[in-house]
Amino acid sequence: MSGGAVKHVWSVVAYLSHLFVISILVFAATNLLLWQFFQQYPAVLADKKQQMNVEYRARLEAALAKWKDKWYGLRPDQWNAWAAESIQVGNTGGNRYADFVMFKPVAFMGKFYKLSEHGFRHVVDQGPWPPEAGYYNIFFFGGSTLLGIGPYWTALPSLLQQYLNNSRVLAKPVKVYNFGTGSYFSTQEKIRFQNLLLERHVPDGVVFLDGLNDFYFVTGRPSGWGWFEACFRENARNAREYNRHHRFGTPRWEPLRNFIRSLPVFRAGQILGRRSHAKAIIRRNGQYTPPPIDRAALVKVCQRYIENAQQINAIAMVHDISAAFVWQPVPGYKYDLRHHVALNPRYGMLGHERSGYGYPIMRSILKRNPLKVKHFIWAADIQENRKEPLYVDAVHYTAQFSKVLVKYIADRLIADGFFPKDVLLHSAPKTESSGAAGKTALSERSKAITRPVRSLMAPGNNNGGGK
Amino acid sequence: MSAYGERSKAITRFFAYLSHLVCICVLLFVAANLLSLLVFRAYPRILLPEDLLTTYNYLARFSGQLKPYRDEWFGLQQGQWESWEKEVTKRLAVGLSGYEDFTMFRMRPCKGLFFSFSEHGFRNGADQGPWPPGRDYCNIFVFGGSTTMGTGPDWTTVPSRLQEYLNDSGRLKKPVRVYNFGRGSYFSTQERILFQNLLLAGRIPDGAIFLNGLNDFYFTDGRPSGWNFFERSFSEGRDEALQWVANRTSARPKWQKLGQFIRSLPVWRAGEILGRRLFSPSAATASPDRKYKPAQVSESVLREVIRRHLENARQAEAVAHAYGVSTAFVVQPVPGYKYDMKYHIALDPLRGLGRHERSGYGYPIMRSIVKRNPLKVRHFIWAADITENRKEPLYLDAVHYTAEFSKILAKYIADRLIADDFFPKDVLPVSALKTEPSGANIQEEHGHATAN
C-alpha cells in the first residue's frame with residue numbers, strides 16, 4: 001500500500017473517531033440540558049391522570065369551595081391540614097403488595113388518615129387488634145367508597161359503629177373494622193376475608209358493600225393486573241436472558257434498553273408523541289364520552305357477584321359468622337345527575353357509568369331469582385328523589401350521605417336478624433316498609449341457603465360448566 | 001504563527017489524541033468482550049451458577065448412575081428418553097409459568113409430545129375430557145402441587161392414572177373425566193382459590209380432589225412461591241409511579257439498569273470468575289461443607305401449617321357444598337414419612353430433600369391431631385402411609401413420584417373414593433365395592449367425619 005493510501009485511511013479513521021467523540025458529547029449535552037429543563041418545568045411531563053388530580057383539587061378550592069367542608073365533614077380550619085395530609089397519603093402510593101389479593105392499604109398514621117399495619121382503616125374509638133371476645137366484632141369489606149376518601153370519622157364503618165352503639169339495641173359494644181380498599185370488588189373482598197380467617201381472625205359478623213367496582217372491573221380482573229402480568233413477563237424474559245447469559249455469557253440487553261428509555265432525550269420524544277396524540281383526541285371530542293356498554297358483560301358481572309356472595313355466605317356459615325351483603329348506591333342509578341355538582345363534565349364518571357346500566361339488570365335478575373343468602377340489603381334506591389349533592393367527586397359519598405346510608409344499613413341489619421338473639425337487648429324494631437328500597441322484590445329470600453348456586457341464574461345466563 | 005494559532009493547534013491536537021484514545025479504548029473493550037464471549041461459548045460450564053448446575057446435574061444423573069431406571073420411572077418406552085429430555089430442556093428454557101389473577105401464577109400453555117398444558121389451566125392426561133366439561137361424564141377436578149401435575153409425561157400423572165383406573169374398574173355407571181389442575185409450588189391456599197375461581201367462571205365439576213401435604217410444609221409461612229418477587233416488583237412499580245407523580249424526578253435516567261447491563265458484559269463476567277477462582281477456590285468445587293443441612297422447624301410452626309391446611313379444606317368444602325360438588329382431601333405420601341430412605345436412590349446426596357424434610361416432621365403431628373379431632377370434612381383420605389414397608393424406589397427425584405408409584409397412589413385414592421361414597425348416586429353402581437378398612441386411614445379408625 002502506498003504512503004498516500006495509508007495516509008488517506010488514517011485520515012478517515014481520524015475523522016470517524018472525531019465524529020464518534022463529538023456525537024457522544026452532543027448526546028450527553030442534550031440529555032443534561034433536557035434534564036435541567038424537566039427539573040425547571042415538571043408540568044410538561046404531566047399526563048391526563050395528573051392533570052385530573054390537579055384539576056380536582058383546584059375545583060374544590062374554587063367552584064366547589066362552598067361545599068367542601070360540609071362534604072368532607074371538616075371544620076373550616078381543618079381543610080388545609082386535611083388537604084396536606086391527603087397529598088402525603090397519596091405520596092405513599094396508597095397500597096402495598098399483599099398475597100392473593102394483590103394489594104392492600106399502606107400503613108399510615110396521621111390526623112385524618114389512620115391506616116393500620118394490619119390492613120384496615122381506623123374508625124372512631126377503634127377496637128383492638130386482634131379483635132376481642134368482649135365486643136361484637138364486625139369486619140366491613142368494600143372498595144374506596146367504604147374505605148372513605150374523607151377523614152376517618154366520616155367513613156361508613158366508623159359511622160356504623162357509632163350508630164349501632166348509640167342505638168342501644170345491642171347488649172355488647174360493637175367494634176367495626178374498616179377493610180375497605182381502593183379498587184377492591186367482591187372477588188378480592190372474599191379472598192381477603194378468607195385470608196383473615198386463615199390468620200385466625202374470626203369476627204362475629206361480616207358486611208360487604210358492593211356494586212360500583214364490580215361493574216367497573218367488568219372483566220373480573222383486579223386493578224393493576226396488566227402491570228402484574230407485565231412484571232411477570234419481564235421477569236420471565238429476564239430469566240431467559242439470565243439462562244442465556246450464564247450459559248454463554250451474552251450481555252443482558254434488556255437493562256440497557258430500559259436505561260436508554262429513561263434518558264431525558266427519550267422522554268422528550270415521548271412527550272412530543274403524546275402531545276400530538278392528545279391534541280388529535282381533543283379535536284375529535286371535547287368532552288368525556290362513556291365507553292360502549294356490552295349487556296352480556298354486565299350480566300356476567302351480576303352473575304360473578306352472586307356467585308361470590310354465595311361462596312362468602314357458605315364460608316361464613318361454617319364459622320358461625322353472620323354475613324350481610326349490601327348493594328350500594330351509585331350516581332348512575334336512580335339519582336338526578338343535575339344535583340351531582342362535583343361531577344367534572346370533562347372527565348365524567350370515567351367508566352363508573354357502567355353500574356348505572358348494570359343495576360337494572362341486577363335488579364331484574366334478583367327479582368326472578370332472589371339471592372340465596374340470609375341478609376341481602378338493596379340500598380341502591382335510597383338516593384331516589386334526593387335533590388342535593390351526595391358525592392364529593394364522581395363516585396365517593398359525602399359525609400352527610402354516608403350517615404344516611406349507614407342508618408339505612410344498620411336499621412336493616414337489626415330488623416333482618418343479622419345480630420344473634422343473645423346480642424340483642426330487646427326485639428328489634430321493624431323498619432318502615434320502603435318502596436324505594438326494592439324490598440318487595442327481595443324480601444322473598446330463600447331460607448334454604450344450601451341450594452346449589454347454579455340454580456340461581458336464569459337459564460341461558462349460565463356460561464357453561466359441567467352441569 | 002501567532003500564540004493564538006499555536007494554542008488552537010495544540011487544542012486540536014489534544015482533542016485528536018483524546019478522540020483516538022477513546023476510540024481505541026472502545027475498540028479494545030469490544031474486542032475483549034468478544035473474546036470472552038467466544039471462551040464462554042466454548043466452555044459454558046465455567047459460568048454456571050448453583051441453580052443452573054442443579055438442573056444440568058438433574059438431567060445428567062439420568063444419563064449416568066440412574067440410567068437403568070429412567071424409562072421405568074418416567075413411564076417411557078425405550079428410545080423415548082432423548083426426545084423427552086429435549087422437550088424438558090426446551091420447556092425450562094422458555095419458562096414454565098405465567099401470571100394469573102389471585103393465584104399469582106399458573107403453568108403456561110404448551111403442546112408437546114410429553115407435556116401438554118391447556119390454555120384453560122390444566123395439564124392434559126390420557127384420553128383428556130373436553131373443555132368445558134361435558135354433562136355426559138362424571139367430571140373430577142384434581143388440585144395439588146407439582147406431584148399432582150407430574151414431572152413425567154402427561155399419561156403418567158396421578159390424575160391421568162386416576163381416570164384410567166376409575167374407568168377401567170367398571171364400578172361407575174358414567175365415564176369419568178379427570179382434569180389435572182396440579183401446578184408447581186401450589187399449596188392448599190392457592191388450590192382453594194383456583195377452585196373458587198373455576199366455580200366463578202361456571203366450571204362446576206361433580207367432584208374435587210385436593211392432594212396436599214408436601215408443599216404446605218415447604219411454604220411454612222403460607223406465602224406463595226415468588227411472593228418476594230411480586231412484592232419487590234410492586235414496590236419498585238409504586239416507587240416509579242410516585243416518581244412519575246412527583247414529575248421532577250421522572251426524567252432521571254435509571255442508572256441501576258445501566259449497572260445491570262455492564263455487570264452482564266462478558267468482560268465483567270470473566271473478571272468475576274477470575275476473582276472467584278483467585279479468592280475463594282472452594283466455591284467452584286463441590287465439598288462436603290456444601291452438602292444440604294436441614295434447618296430445624298419449631299413444632300409451633302408445623303402446627304400452624306396444619307391448622308392452615310385444615311382451615312383451607314374446611315373453606316373449600318363449604319364452598320363446594322353450596323354448588324353440590326363432592327370434595328375429598330388426600331394427604332399425600334412424602335419421602336420423609338414412613339419410607340425407608342435406603343431405597344430412595346434418586347435422592348441427590350448433596351441437595352438432600354431440600355426443605356421437603358419438613359413434611360416428614362409435620363406428618364406425625366398432623367396424624368395425631370386428626371386422630372384426636374376427626375376433621376369436619378366428609379372425605380378425608382390419609383394416603384401418607386402407603387409407602388410404609390415398600391422396599392423399592394418410589395421417587396424419581398427428591399419428591400416426585402415414579403410412574404409406577406403414581407399408579408399405586410391413584411388406585412388407593414380411587415378405592416377410597418368409591419368406598420366412601422364420594423361419587424353422586426347417579427354415578428355409583430347399586431352396590432359400591434367396599435374396600436377393606438385400611439389401618440392407614442385414620443378417619444376410618446374414628447368413623448366418618450361429619451360434614452359441617
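**Entry: helices against the chain B sheet**

I began with helix H13 of chain B (residues 357-372), which lies across strands E7 (207-212), E8 (326-331) and E9 of chain B. I noted its direction against E9(B) as about 135°. Next I looked at helix H14 of chain B, residues 403-419, and found that H14(B) also packs on the sheet, where E7, E8 and E9 of chain B are the strands it touches. For H14(B) the angle with E9(B) comes to about 140°. A reminder to myself: this is a predicted model.

**Entry: the sheet itself**

In what order do the five strands of the open sheet in chain B run? I read it as E6-E5-E7-E8-E9, with parallel pairing. Why is one side of E6(B) and of E9(B) left without a neighbour in the sheet? Strand E6 (176-182) and strand E9 (380-382) of chain B are at the edges and have a single partner strand each, so nothing in the sheet flanks their other side. I also noted the twist, which averages 20° from one strand to the next.

Then I followed one pair of strands. Strand E5 of chain B, residues 138-144, is joined to E6(B) by seven bridges in the parallel sense. To place myself along this pair I picked Val142(B), and its opposite residue in E6(B) is Asn180(B).

**Entry: cavities**

I turned to empty space and searched the whole structure. How many cavities of 30 Å³ or more does it hold? The search gives eight.

I took the largest cavity before the others; its space is about 110 Å³. It has 16 lining residues, and those closest to its centre are Ile149(A), Gly150(A), Thr154(A), Tyr397(A) and Ser402(A). Helix H3 (65-72) and helix H14 (399-415) of chain A are the elements that contribute two or more residues to this lining. Sorting the lining of the largest cavity by class, I got nine nonpolar and seven polar residues, with no charged ones.

The second largest cavity came next, with a volume of about 80 Å³. Its lining has 16 residues, and Gly150(B), Thr151(B), Gly152(B), Tyr401(B) and Ser406(B) lie nearest the centre. Here the elements giving two or more residues are helix H3 (67-74), helix H5 (146-149) and H14 of chain B. That brought me back to H14(B), the helix I had seen packing on the sheet. By class, the lining of the second largest cavity divides into six nonpolar and ten polar residues, and again I found no charged ones.

Terms used
Residues are numbered from 1 along each chain as its sequence is written. Chains are lettered from A and ligands numbered from 1 in the order in which they are written. This is a predicted model: local features need pLDDT of at least 70, side-chain atom pairs count only at pLDDT 80 or more; totals for chains, interfaces and linings use all residues. Side-chain values use heavy atoms; hydrogens and water are left out. Two strands pair if DSSP finds at least two bridges between them. Helices (H or I, at least four residues) and strands (E, at least two) are DSSP runs, numbered from the N terminus. Axes are lines fitted to C-alpha atoms, for helices over the stretch in contact, and angles run from 0 to 180 degrees between N-to-C directions. Contact means heavy atoms within 4.5 Å. On a 1 Å grid over the protein atoms alone, a cavity is a set of points where a 1.4 Å probe fits but cannot get out, and a pocket is an open set with protein on both sides within 12 Å along at least five of seven lines; lining residues have an atom within 4 Å of a point. Grid points are joined across faces, edges and corners, and a volume is the space filled by probe spheres set on the points. Ala, Val, Leu, Ile, Met, Phe, Trp, Tyr, Cys and Pro count as nonpolar, Asp, Glu, Lys and Arg as charged, and the others, Gly among them, as polar.
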